[in-house]
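Thanks for coming. I will go through one model this morning, contact by contact, and keep the cut-offs next to the terms.

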Amino acid sequence: MSRPLKYRNADGLLNNCTIKHGCFIWPDADMKAPVISPASPLAKMLGTNSVARMLFILCRHIPAGTRLVKRCDTKFCVNPYHHTEPTSIMRQRMTLRDNGQDPFALLPSQMSTEHLMFNFPEGVTLGSLKPRDPEIVSALLDSASIAGFDGKGIPKSLTKTYDVPVASPDKPVFVIRKRKEAEPAVKPDDKEESIDDFFDMLERGFAARKNPQKGGMSA
């Protein structure tokens with residue numbers, strides 16, 4: 001009897017992670033980077049065995065170029081919202097947005113190789129591999145809303161470059177904030193939306209923000 005496939009889609013990859021402080025941490029198995037077997041059907045379909053890149057494709061959009069930039073400092077974090085495209089590519093996407101075009105569509109540099117990007121068997125599409133597990137989707141939505149399109153919202157404690165607080169007479173290091181009053185629960189919308197609608201809403205909301213900041217680590 002053949003062994004059942006462990007990584008069939010985004011849910012399979014994300015369920016293999018430990019979630020800590022918004023990071024989806026891939027198990028450290030004496031590897032230099034989070035990867036799965038290149039012989040895996042999922043890796044063959046997506047044309048990569050990099051877990052971070054597969055999740056970026058499945059949860060966000062098809063990245064241009066061969067490199068993603070890791071915006072947090074957590075080892076083996078594969079959270080797609082803790083990775084971005086390089087700044088030069090993100091600027092191209094902002095230009096598309098400013099011209100009234102879809103900023104997450106394929107860039108001109110991707111058009112000539114579009115037919116070579118994926119190798120889906122009959123009955124499988126990119127949409128069918130996206131996250132469906134409600135708990136995973138909820139965690140991703142929370143992470144996306146915090147990190148933002150360019151990763152600028154990632155807590156500074158998770159990045160290498162952050163200011164160390166220094167106490168002064170008028171600015172102590174530790175400040176006790178006033179507790180906020182409980183807000184009334186938001187009434188759910190009667191309109192039923194799909195998971196794809198949520199992710200599309202996030203990406204398009206991110207595109208309306210300011211231009212991305214420079215920096216980050218290559219992943």
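**Notes on the model**

I start with one pair: the charged end of K75 sits over the ring of F76, at 5.6 Å from the ring centre. For that term, NZ of Lys or CZ of Arg has to be within 6 Å of the ring centre and within 35 degrees of the ring normal.

Now the ground rules. This is a predicted model, where local features need pLDDT of at least 70 and side-chain atom pairs count only at pLDDT 80 or more, while totals for chains, interfaces and linings use all residues. Residues are numbered from 1 along each chain as its sequence is written, and side-chain values use heavy atoms, with hydrogens and water left out.

The overall layout next. The protein has seven helices and five strands; these are DSSP runs numbered from the N terminus, with helices being H or I of at least four residues and strands being E of at least two. Read from the N terminus, the order is α-β-β-α-α-β-β-α-α-α-α-β. Of the 219 residues, 39% are buried. Buried means under 20% relative accessible area, exposed means over 50%, and partly exposed is in between, with a 1.4 Å probe and protein chains only. About 14100 Å² is exposed by the protein, and carbon and sulfur atoms supply 54% of that; the areas come from the Shrake-Rupley method with a 1.4 Å probe, and for residues only the protein chains shown count as cover. Among contacts with a separation of 6 or more, 66% are between residues 24 or more positions apart, a contact being heavy atoms within 4.5 Å.

Helix 3 is next. It spans residues 51-59, and nine of its nine residues are buried, so helix 3 is largely enclosed by the rest of the structure. The buried residues include R53, M54 and C59.

Now to E85 and R93. E85 lies in the loop between strand 4 (83-84) and helix 4 (87-98), and R93 is in helix 4. E85 counts as buried because its relative accessibility is 2%; R93 is buried too, with a relative accessible area of 0%. What does the side chain of E85 make a polar contact with? Its partner is the side chain of R93, at 2.6 Å. A polar contact here is a pair of N or O atoms within 3.5 Å; within protein, one must be able to donate a hydrogen and the other to accept it, and residues adjacent in sequence count only if both atoms are side-chain atoms.

Each of these side chains also reaches backbone atoms. The side chain of E85 comes to 2.7 Å from the backbone nitrogen of A64. For R93, a polar atom of the side chain lies 3.4 Å from the backbone oxygen of I62 and 3.0 Å from the backbone oxygen of A105. Setting aside neighbours within four places in sequence, the contacts of E85 include F56, H61, I62, P63 and A64. With the same exclusion, R93 touches H61, I62, P63 and A64, among others, and also F104 and A105.

F104 brings me to the aromatic rings. There are three aromatic pairs. Rings of Phe, Tyr and Trp (its six-membered ring) pair if their centres lie within 6.5 Å; planes under 30 degrees apart are stacked, over 60 edge-to-face, and the rest tilted. Y7 and W26 form a tilted pair, 5.5 Å centre to centre with 45° between the planes. Y7 lies in the segment before helix 1 (10-14) and W26 in the loop between strand 2 (23-25) and helix 2 (41-46), so this pair ties together parts that are 19 residues apart in sequence. Y7 is buried at 17% relative accessible area, and W26 is buried at 4%.

F104 and F149 form an edge-to-face pair, 5.7 Å centre to centre with 70° between the planes. F104 is in the loop between helix 4 and helix 5 (108-111) and F149 in the loop between helix 6 (134-147) and helix 7 (195-207), so the pair ties together parts 45 residues apart in sequence. Both F104 and F149 are buried.

Last, the cysteines. How many disulfides does the structure hold? Zero, where a disulfide is a pair of cysteine sulfur atoms within 2.5 Å. For C17, the closest cysteine sulfur is in C77, 8.2 Å away, which is too far for a bond. C72 is in no disulfide either, with the sulfur of C77, its nearest, at 3.7 Å. C17 is buried at 12% relative accessible area and C72 at 1%.
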